[in-house]
Amino acid sequence: MRFICIRVSLWKSLLNASDAVIDVRGLNKYFGDKHVVKDLSLQVGRGEILGFLGPNGSGKTTAIRMMCGLLTPDSGEGHCLGYDIRTQSDAIKREAGYMTQKFSYWEDLSIRENLDFVARIYELANRKHVVDEALETLGLTSRSSQLARSLSGGWKQRLALAACMLRHPKLLLLDEPTAGVDPNARRDFWEELHELASQGVSVLISTHYMDEAERCHKLAYIAYGNLLAQGSAESIIDSQKLFTYEITGSNLMEISKSLEKSPAIEQTVIFGSTLHVSGKDPIALENALSHLRSNAIATSLEDVFIYLMKHTRDNYGEIHEL
Ligand SMILES: Nc1ncnc2c1ncn2[C@@H]1O[C@H](COP(=O)(O)OP(=O)(O)OP(=O)(O)O)[C@@H](O)[C@H]1O
């Protein structure tokens, strides 16, 4: 976590407001009477990786599509890559790289043929060179003749990223690119993202993985269409002012159920053979746990997201269920 903090502060010192590649304010979107995105304001700086998190159906894809000009907001305004999201969506679509949730390339073409086909659609000059470069950058050269159909999830996602990168976009919008991909392939993918960010490429990425969230420079957490928290992982954890204890051993489910009755306890979460117990008042929390063997630990990002999600559900879930 210390390493992440140093990286975040280094990144902050390099970033200034005029570098915003995405700058949107007050975006709203309804589908029928469903208010799917509510007053969303978000900025992404040059070379910044912003992680977009939130439960299923909370409006992340809808927000991404509004930011890259694929969907018009019902209200709100903003710029993406310097273009107005309402009136210059064609320019945004041309210049941003967008990777959708579902693999959308041609299964019966090889990796090279897929990239060549995309390069043709983009009408890129010097196609062979551009495709060779993308294959090399994404480590796909040795597999270039393999059919997309036969690729594992991790390689498919690499192919999709290579296709996004053919035009050297300054902004990548990646919608759950690593869903269902194994940990090694995810790690390689993130190394690639950090490499691109260090070259000035901005990345907005949605994910459900906590380890990936911790690798982002900044996070935005959205639930039921509401942006609940925004900032570095550290600042989001601090903002909720939760104190957490850990209990290990057996009967964790029973312990959890009995502790939940205490007013000093905001939440209990079982992680494998460990129970995390969090509360706002450290003394009351300590008293509530005095009959058990427990250790104070740093509240994790996952504890905080579970807390935020629970509270949003309590506040908005029943009325605004999406
Ligand atoms: N074109 C559409 N027409 C009607 N409803 C839609 C449309 N697109 C999305 N929705 C609804 O809007 C809500 C938000 O969907 P969205 O895909 O933006 O969420 P998400 O946070 O990206 O979810 P996930 O993590 O599952 O991908 C959902 O209830 C979804 O069913």
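This report describes the domains, the nonpolar core, one stretch of strand pairing and the ligand shell of a predicted model.

The domain assignment divides the chain into domain 1, residues 2–234, and domain 2, residues 238–320. Their C-alpha centres lie 33 Å apart, and the contact between them takes 15 residues from domain 1 and eleven residues from domain 2. On the side of domain 1 that touches domain 2, the elements that give two or more residues are helix 8 (210–213), strand 9 (218–223), strand 10 (226–231) and helix 9 (233–239). Strand 10 gives the most to this side, with three residues. By residue class, that side of domain 1 divides into ten nonpolar, three polar and two charged residues.

The largest nonpolar core has 81 residues, and those with the most contacts inside it are Met-67, Leu-173 and Tyr-221. Helix 6 (residues 153–165) gives the most to this core, with seven residues, while the core as a whole draws at least three residues from each of domain 1 and domain 2. In general, nonpolar side chains tend to be buried together in soluble globular proteins.

One of the core residues named above, Leu-173, offers a way into the strand pairing. Not counting residues up to four places away in sequence, Leu-173 touches Ile-64, Met-67, Cys-68, Ala-96, Gly-97, Tyr-98 and Leu-204. Strand 7 (residues 171–175) is mostly covered, with four of its five residues buried. The pairings of strand 7 with strand 6 and with strand 8 are set out below.

| Paired strands | Bridges | Direction | Bridge partners |
|---|---|---|---|
| Strand 6 (residues 96–99) and strand 7 | four | parallel | Ala-96 and Leu-171 |
| Strand 7 and strand 8 (residues 202–206) | five | parallel | Leu-173 and Leu-204 |

Leu-204, which stands opposite Leu-173 in strand 8, is thus also listed among the residues that Leu-173 touches. Ala-96, whose bridge partner in strand 7 is Leu-171, likewise appears in the list of residues touched by Leu-173.

Around the ligand there are eleven residues, of which Phe-31, Asn-56, Lys-60, Thr-61 and Thr-62 come nearest. The largest share of this shell, three residues, comes from helix 2 (residues 60–67). In contrast to the side of domain 1 that touches domain 2, where ten residues are nonpolar, the shell around the ligand divides into three nonpolar, seven polar and one charged.

Note on methods: Residues numbered from 1 in each chain as written. Predicted model: local features only at pLDDT ≥ 70, side-chain atom pairs only at ≥ 80, totals over all residues. Domains from an automatic or database assignment. Contact = placed C-beta atoms within 7 Å. Nonpolar A, V, L, I, M, F, W, Y, C, P; charged D, E, K, R; others polar. Near = placed C-beta within 6 Å. Core = buried A, V, L, I, M, F, W, Y, C linked by C-beta atoms within 7 Å. Buried ≥ 20, exposed ≤ 12 C-beta atoms within 10 Å, placed from the backbone. Pairing = 2+ DSSP bridges.
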